[in-house]
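Subject: Structure for you to look at

Hi,

Here is the structure I said I would pass on. Have a look at it first, and then read my notes below.

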Amino acid sequence: MVIADLVRLLDAQVLCGQDRLDTPVVSACCSDLMSDVLAFVSEKTVLLTGLTNMHAVRTAEILDLKCLIFARGKVPGDDILARADELGLVVLCSRHTMFTSAGLLYAGGLRGAALPEDEGAPRAG
Amino acid sequence: MSAPAFTRGFDIESQDYERAGEASASIKQALRQLGIGADILRRVSVVAYEAEMNLVIHSLGGQLSIRVDPEGIVLTAEDRGPGISDIESAMRAGFSTADDRARDMGFGAGMGLPNMRRNADEFLIESRPGVGTRLEARFHLG
């Protein structure tokens, strides 16, 4: 699956990264809590969130994520989109709620990111 | 692998949510330029970001610093207080004393310290109420 498939499934608006829609994605994560995202997400994960401040982009930067989807028609500020573009992120806006957006992506074949191993267990590579 | 000795420090202001994360992004960029591998780069970056957010959310201000030598990477966060009275509780996933502002920013879910410990190869934290907190995360290279 590539980001263009997510655009189609959600009928999403592409806010930045139109030229990077062929980037592969393997899983998704849905949260407004960035610490949860930082706990278990890997780079080919899509982050679906309602959090439109700089920390969504910052979290994507820290984890090398390639795609952010803002749910319920939320559009972040221009400074945030400019930073996302600078980092090579694709940013999408879904008019659906987070729940419905996640459901549409799941029905389209995208699956959730793996949960973290128990404390002390080996880390995912 | 070996990396040249490298140190860098960043002053982190209390409650400065606008700039929060910039130091961690700089650290990530510097480590990438040093040729640090992707897995360790991500783990150090996650710990740096969580530590930086903790300094912003909970401390009176402090410093985030990084040292890289051929043996490994040491990330240190040291603040000027107020200190943690119950470290055992603070290390428990889900425990948080963060306010609504931190939660509005996507933090304060009580995952910061557990995330840091999980991602580091060695993790030390010491705190004195009224004095401050120092945490050190070590990552082995090679």
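Let me start with a question: does Arg43(B) count as buried or exposed? With a relative accessibility of 8%, Arg43(B) counts as buried, because the cut-off for that word is under 20%. Keep in mind throughout that this is a predicted model.

Arg43(B) has a charged partner as well: its side chain meets that of Asp121(B) in a salt bridge, at 3.5 Å from N to O. Arg43(B) belongs to helix 2 of chain B and Asp121(B) to the loop between helix 5 and strand 4 of chain B, so this pair ties together parts that are 78 residues apart in sequence. Asp121(B) itself is partly exposed, at 29% relative accessible area.

**The sheet in chain B**

Chain B has an open sheet of five strands, paired antiparallel in the order 1-2-3-5-4. Which strands stand at the edges? They are strand 1 (6–12) and strand 4 (122–128) of chain B; each has a single partner strand, so one side of each has no neighbour in the sheet. From one strand to the next, the twist averages 10 degrees.

Try following strand 5 (residues 132–140) of chain B on your screen. Seven bridges join strand 5 to strand 4 of chain B, and the two run antiparallel. Within that pairing, Glu126(B) has Arg134(B) as its bridge partner, and Ser127(B) has Thr133(B). The hairpin of these two strands has three residues between them, and there Gly130(B) takes a positive phi near 85 degrees. Strand 5 also pairs with strand 3 of chain B, again antiparallel and over seven bridges. In that pairing, Ile73(B) stands opposite Phe139(B).

Now for the helices around the sheet. Helix 2 (residues 38–58) of chain B lies across strands 1, 2, 3 and 5 of chain B, and runs at about 5 degrees to strand 3. Helix 5 (residues 112–119) of chain B is mostly covered, with seven of its eight residues buried. Among them are Leu113(B), Pro114(B) and Met116(B). The buried residues of helix 5 pack against helix 2 (34–40) of chain A, and also against helix 2, helix 3 (87–90), strand 4 and strand 5 of chain B.

**The cores**

In soluble globular proteins, nonpolar side chains tend to be buried together. Here the largest nonpolar core has 63 residues. Those touching the most other members are Leu68(A), Val91(A), Leu31(B), Leu64(B), Ile73(B), Leu75(B) and Phe139(B). Helix 2 of chain B gives the most to this core, with twelve residues. Another core, of 17 residues, lies apart from it and includes Ala28(A), Cys67(A), Leu92(A) and Leu110(A).

If you want one residue of the largest core to click on, try Val91(A). Leaving aside neighbours within four places in sequence, Val91(A) is in contact with residues including Leu15(A), Leu68(A), Phe70(A) and Leu81(A).

**Where the chains meet**

How many residues of chain A are in contact with chain B? There are 25, and they are in contact with 32 residues of chain B. About 2,200 Å² is buried between the chains, and carbon and sulfur atoms give 49% of that area. Two salt bridges are counted between chain A and chain B. Lys28(B) and Asp64(A) form a salt bridge through their side chains, at 2.9 Å from N to O.

A good place to zoom in is His55(A), which is found in helix 3 (residues 54–63) of chain A. His55(A) is buried, at 2% relative accessible area. Residues up to four places away aside, His55(A) touches Met34(A) along with several residues of chain B, including Tyr17(B), Tyr49(B) and Phe107(B).

**A salt-bridge network in chain A**

The whole structure has 16 salt bridges over all chains. In one of them, Arg58(A) meets Glu61(A), with the closest N and O atoms 3.7 Å apart. Both sit in helix 3 of chain A, three residues apart, which is about one turn of the helix. Both are buried too. Glu61(A) also forms a salt bridge with Arg83(A), at 2.9 Å between the closest N and O atoms. Arg83(A) is in helix 4 (residues 78–86) of chain A, 22 residues from Glu61(A), and the pair links distant parts of the chain. Through shared partners, salt bridges join Arg58(A), Glu61(A), Arg83(A) and Glu86(A) into one network.

Cheers

Terms used. Residues numbered from 1 in each chain as written. Chains lettered and ligands numbered in written order. Predicted model: local features only at pLDDT ≥ 70, side-chain atom pairs only at ≥ 80, totals over all residues. Heavy atoms only, no water. Pairing = 2+ DSSP bridges. Helix = DSSP H or I, 4+ residues; strand = E, 2+ residues; numbered from the N terminus. Axes fitted to C-alpha atoms, helices over the stretch in contact; angles between N-to-C directions. Contact = heavy atoms within 4.5 Å. Core = buried A, V, L, I, M, F, W, Y, C linked by side-chain atoms within 4.5 Å. Buried < 20%, exposed > 50% of the residue type's maximum accessible area, 1.4 Å probe, protein only. Buried area = accessible area lost by both parts, 1.4 Å probe. Salt bridge = Lys/Arg side-chain N within 4 Å of Asp/Glu carboxyl O.
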